[in-house]
Amino acid sequence: MNQPAREQAGRGQAIRDGIASRGLVHAMSAHNPLSARLAEEAGFDAIWASGFELSAAYGIPDASLLSLTQHLEMTRAICDSVALPVIADIDTGYGNAINVMHVVAAYERAGAGAVVMEDKRFPKDTSLLEGGRQELVGVAEFQGKIEAAAAARRDPSLVVVARTEALIAGLGQAEALARAHAYVEAGADMILVHSKQKTPDEVLSFIAAWDGRAPIVLVPTAYPQLTEAAMRESGKIGVVIYGNHAIRAAVTAMQQVFRQIRAEGGIAGADAAIVSVEEIFRLQGVPAMKADEARYLR
Ligand code: SPV
Ligand code: MG
């Protein structure tokens with residue numbers, strides 16, 4: 001993609017300022033620079049560099065199979081392509097607290113404004129899978145990983161989000177709250193509490209019981225009925241992440257168009273349903289390249 005619009009430093013500040021000024025920051029998932037740019041054009045505040053989406057893009061399960069390098073390099077490409085702050089999904093931190101230090105420093109250098117690290121044991125299983133393996137590490141071990149993440153950042157604005165999977169693992173609200181408190185004590189800037197319940201009830205009761213010391217981050221994939229208006233009303237939610245809507249939208253569109261082309265035996269009918277090649281040229285930054293050609297090519 002052309003013309004990176006980002007500044008090199010302080011990218012977490014945009015997330016912190018967004019919460020302070022607008023109350024709620026909304027992040028859209030992306031699995032490559034193109035999807036990130038579309039989210040930016042649609043008016044989202046931030047990009048979620050999702051491990052689930054990139055795993056799906058590679059056609060593999062989201063179960064610690066994607067390598068650090070694969071996710072880091074895609075995150076770097078996304079950071080280079082949009083002006084929005086990028087929230088990087090670093091899964092379990094790829095190992096112990098020492099791995100976490102290496103990983104957080106690398107994502108910060110890649111341009112991330114936030115990292116989200118979850119308290120599952122490596123190798124993890126994806127959170128929304130029915131019957132998935134959901135084993136958590138001990139609280140003290142994860143506190144060490146949070147402290148390591150905070151210590152590894154050079155840019156103090158980088159947001160360290162601690163994600164508890166206690167509700168996903170079926171451990172209940174008391175465990176989720178205890179972990180969230182312990183993670184804030186260890187230095188987490190925000191707490192992501194994840195849930196796979198089909199209604200927002202368990203998340204809402206967590207929010208009601210939360211003392212608000214750190215903003216809450218939600219990924220409402222399983223309970224889409226919870227609106228941004230309701231999140232704002234609680235006054236405790238800082239960021240909402242739409243976790244997988246880029247890849248799901250892409251799959252829906254490709255399935256429909258591919259089926260149509262097979263059914264019709266050609267591409268004439270499908271043309272009306274998809275963007276023009278010129279639109280792709282625009283998204284690739286071809287107009288800017290042509291302007292540069294006119295100026296510099298001799
Ligand atoms: C992701 O998008 O990679 C996430 C969110 O971590 S979820 O898939 O719901 O666990
Ligand atoms: Mg993930």
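**Entry 1: ligand 1, polar contacts**

I started at Ser127, where a side-chain N or O atom lies 3.4 Å from an oxygen atom of ligand 1. I then asked how much of the ligand is covered. On its own, ligand 1 exposes 280 Å², and the protein buries 99% of that. I note that this is a predicted model.

Next I checked the backbone. Phe52 puts a backbone N or O atom 2.7 Å from an oxygen atom of ligand 1. For Gly51, a polar backbone atom is 3.2 Å from an oxygen atom of the ligand.

**Entry 2: ligand 1, shell**

Which residues surround ligand 1? I listed Trp48, Ser50, Gly51, Phe52, Asp89, Ser127, Leu128, Arg163, His194 and Gly243. I sorted this shell by class and got three nonpolar, five polar and two charged residues. Gly51, Phe52 and Ser127, from my contact notes, are among the residues of the shell.

I also looked up where the ligand sits. Ligand 1 occupies the second largest pocket.

**Entry 3: cavities**

I searched the whole structure for enclosed space. How many cavities of 30 Å³ or more turn up? The search finds three.

I took the largest cavity and read its volume as about 60 Å³. I wrote down its lining: Gly51, Ser55, Pro61, Asp62, Ala63, Ser64, Leu65, Leu66, His71, Asp89, Asp91 and Tyr94. By class, I have five nonpolar, four polar and three charged residues there. I flagged Gly51 and Asp89, which line this cavity and are also listed around ligand 1.

The second largest cavity holds about 50 Å³ of space. What lines the second largest cavity? I found Ile15, Ile87, Ala114, Val116, Val159, Val161, Met190, Val217, Val239 and Ile241.

A reminder to myself on the approach: rolling a probe the size of a water molecule over the atoms shows where empty space is left.

**Entry 4: domains**

I finished with the domain assignment. It gives domain 1 as 11-246 and domain 2 as 252-296. How many Å separate the centres of domain 1 and domain 2? Taken over C-alpha atoms, I have 33 Å between the two centres.

**Entry 5: recap**

For ligand 1, I keep the Phe52 backbone contact at 2.7 Å and the 99% burial. For empty space, I keep the largest cavity at about 60 Å³ and the second largest at about 50 Å³.

Key. Residues are numbered from 1 along each chain as its sequence is written. Chains are lettered from A and ligands numbered from 1 in the order in which they are written. This is a predicted model: local features need pLDDT of at least 70, side-chain atom pairs count only at pLDDT 80 or more; totals for chains, interfaces and linings use all residues. Side-chain values use heavy atoms; hydrogens and water are left out. A residue is near a molecule or strand if one of its heavy atoms lies within 4 Å of it. A polar contact is a pair of N or O atoms within 3.5 Å; within protein, one must be able to donate a hydrogen and the other to accept it, and residues adjacent in sequence count only if both atoms are side-chain atoms. Accessible areas come from the Shrake-Rupley method with a 1.4 Å probe; for residues, only the protein chains shown count as cover. On a 1 Å grid over the protein atoms alone, a cavity is a set of points where a 1.4 Å probe fits but cannot get out, and a pocket is an open set with protein on both sides within 12 Å along at least five of seven lines; lining residues have an atom within 4 Å of a point. A molecule sits in a cavity or pocket if more than half of its atoms lie within 2 Å of its grid points. Ala, Val, Leu, Ile, Met, Phe, Trp, Tyr, Cys and Pro count as nonpolar, Asp, Glu, Lys and Arg as charged, and the others, Gly among them, as polar. Domain bounds come from an automatic or database domain assignment. Grid points are joined across faces, edges and corners, and a volume is the space filled by probe spheres set on the points.
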